[in-house]
Amino acid sequence: MLKPIVRGRGRAASRVVKITTPVSLLGDLDPERGTLAGVDVSGKIVALPYVKGSTVGPYVLWGAARRGKAPLAIVAQKPDLMLISACVLAGVPLFQGDLEEECINIDLESGVYDKC
Amino acid sequence: MVLRIADAVSGGEVVPVETAHISGVSYFTIGEYGVEFLEFLASSGARVSIFTTSNPAAIDLSGLLQVDEKVVEGQSRISKALRSMGVSIFYTCAPYEFILTRPRTYHAWAESNAITYINTFRDSWSDKNPGPLALLGAIAGFVPKTALYTLDGRRPTAAVEVNIGPLGPLEAGVVGALIGERIGSGVPYIKGAVFADEESRREFAAALSTYSAMVFAVVEGATPNWRQYLELADFRDKIQISAEDIASYVRDVETPDVVYIGCPFADLETVLQIVAEVRRRGPTKRPVYISTSPGVYKQIQRLVEEVSGYNVKIFSGACLVVSPYTRRFRVIATDSLKAMFYIPKLHGVRVVPCRREKCLELAYA
């Protein structure tokens with residue numbers, strides 16, 4: 001089970017995209033194409049260590065969400081204030097924990113998941 | 001929204017703040033949806049309840065950086081929305097220059113170099129409140145009571161020894177970046193670091209927070225209350241930074257088409273030093289761009305006009321990180337590690353590091 005930080009609603013099945021290095025939402029996230037550090041994350045669950053860099057980040061995630069290009073959910077090992085603000089603003093569920101690159105069924109409110 | 005964020009980060013606890021400084025006010029960085037968000041807030045009648053200042057914009061105040069019509073229009077919509085919410089639109093990334101925050105007071109700032117500066121050199125407390133949260137906090141008058149708003153959360157976790165003489169701006173930036181890269185998170189306690197001038201302190205603060213998630217370091221002998229922090233320290237990491245580490249960053253550089261100084265904004269002393277050098281040596285071969293705060297700019301307006309004839313372009317209210325004007329360049333030489341990080345990512349322009357004297361040499365080469 002993942003620890004819910006910003007709760008979402010409902011259940012979803014998705015592939016997990018794992019990014020192993022810390023990312024900056026400003027610069028690394030392309031809100032037009034829905035890519036993060038060059039990897040397509042639009043509509044997918046993204047697992048990452050933590051975010052770093054510019055405090056403009058939340059607007060960029062918000063922008064991605066308005067374009068329908070945001071991740072389905074973000075799973076961070078160390079969620080910080082900036083990532084939480086970004087997720088509240090953009091309406092992207094956020095969990096604390098770690099996932100491998102696989103397909104999972106997840107409850108976006110509780111963080112309970114199992115393999116597809 | 002502040003309370004919803006507080007629920008997630010501080011068990012619902014909040015802390016009242018004295019001032020706020022918001023980021024995400026350049027049309028280039030926040031884009032159309034950022035503008036819509038600000039206009040939505042403004043049209044709902046929101047107003048800030050504390051003194052609130054703003055970060056640089058995509059356009060400078062004197063129109064030196066020419067950008068296309070769409071950016072001009074977007075920027076003016078942002079300014080209008082902020083003004084109607086009561087924000088003091090100061091367009092600076094160095095608000096600490098005129099807001100003299102006192103030790104152990106609470107603030108909601110959102111520009112990472114500025115947060116790191118007041119935490120580190122004044123022991124004024126601010127967490128990294130991302131652009132929208134600082135604005136929402138400025139409206140509410142409080143922000144979530146996260147770790148950096150508690151003494152316990154400011155406990156040093158890593159001992160850093162710096163074995164190098166006084167750090168100039170470039171070296172201070174490299175030290176900040178190295179600490180950031182090697183430690184990543186926590187609170188560094190730095191022994192042996194002496195900053196040569198104000199610009200060095202700014203470059204250190206900017207680099208530490210650009211190359212890591214950290215916005216607070218205790219510098220022995222410089223941070224107010226550093227003795228108390230040393231008593232509280234619980235060191236889990238220990239690192240050393242040597243002259244060789246710094247040298248590995250400063251390699252021979254390729255020839256730039258322009259030189260850029262002022263990320264974070266250059267202080268008055270730095271601008272005057274460069275002006276004096278240029279007056280002595282005559283016009284540069286390659287343009288030298290210097291960004292500074294509107295406050296400094298106003299004080300030296302006559303000099304700005306004079307040195308524009310020497311190929312030195314001083315501007316304020318914007319910088320080459322947040323303005324799309326930067327895209328016309330191929331290679332930029334700078335003493336700022338923060339500019340070195342963001343300009344390639346945001347504009348696809350190459351950036352090479354140099355000490356200030358070397359940067360000026362390149363301008364004459």
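**Exercise 1.** Describe how chain B meets chain A in this predicted model, and state what kinds of residues chain B brings to the contact.

*Solution.* Begin with the two sides of the interface: 25 residues of chain A are in contact with 31 residues of chain B. Next, ask which helices of chain B take part; α1, α2 (27–43), α5 (131–140) and α13 (337–347) each supply at least two residues of the side that touches chain A. Among these, α2(B) gives the largest share of that side, namely six residues. Finally, sort the residues of chain B that touch chain A by character, which yields 14 nonpolar, twelve polar and five charged.

**Exercise 2.** Classify the packing of α3(A) against α1(B), and name the residues that make the contact.

*Solution.* First take the geometry: helix α3 (residues 81–90) of chain A and helix α1 (residues 2–9) of chain B pack with their axes 10 Å apart, at an angle of about 135°. Therefore α3(A) is oblique to α1(B). The crossing of the two helices is right-handed. From α3(A) the contact draws on A:L81, A:I84, A:S85 and A:V88, while α1(B) contributes B:R4, B:I5, B:A8 and B:V9. Sorted by character, the residues of this contact are six nonpolar, one polar and one charged.

**Exercise 3.** Work out the strand order of the open three-stranded sheet in chain A, and identify its edges.

*Solution.* The order is β4-β5-β6, with antiparallel pairing. The edges are β4 (29–30) and β6 (39–40) of chain A, each of which pairs on one side only. Looking closer, β4(A) pairs with β5 (residues 35–36) of chain A over two bridges in the antiparallel sense, and A:D30 has A:T35 of β5(A) as its bridge partner.

Notes: Residues numbered from 1 in each chain as written. Chains lettered and ligands numbered in written order. Predicted model: local features only at pLDDT ≥ 70, side-chain atom pairs only at ≥ 80, totals over all residues. Axes fitted to C-alpha atoms, helices over the stretch in contact; angles between N-to-C directions. Helix = DSSP H or I, 4+ residues; strand = E, 2+ residues; numbered from the N terminus. Parallel < 35°, antiparallel > 145°, perpendicular 65-115°, else oblique. Left-handed = near helix turned anticlockwise from the far one by under 90°. Contact = placed C-beta atoms within 7 Å. Nonpolar A, V, L, I, M, F, W, Y, C, P; charged D, E, K, R; others polar. Pairing = 2+ DSSP bridges.
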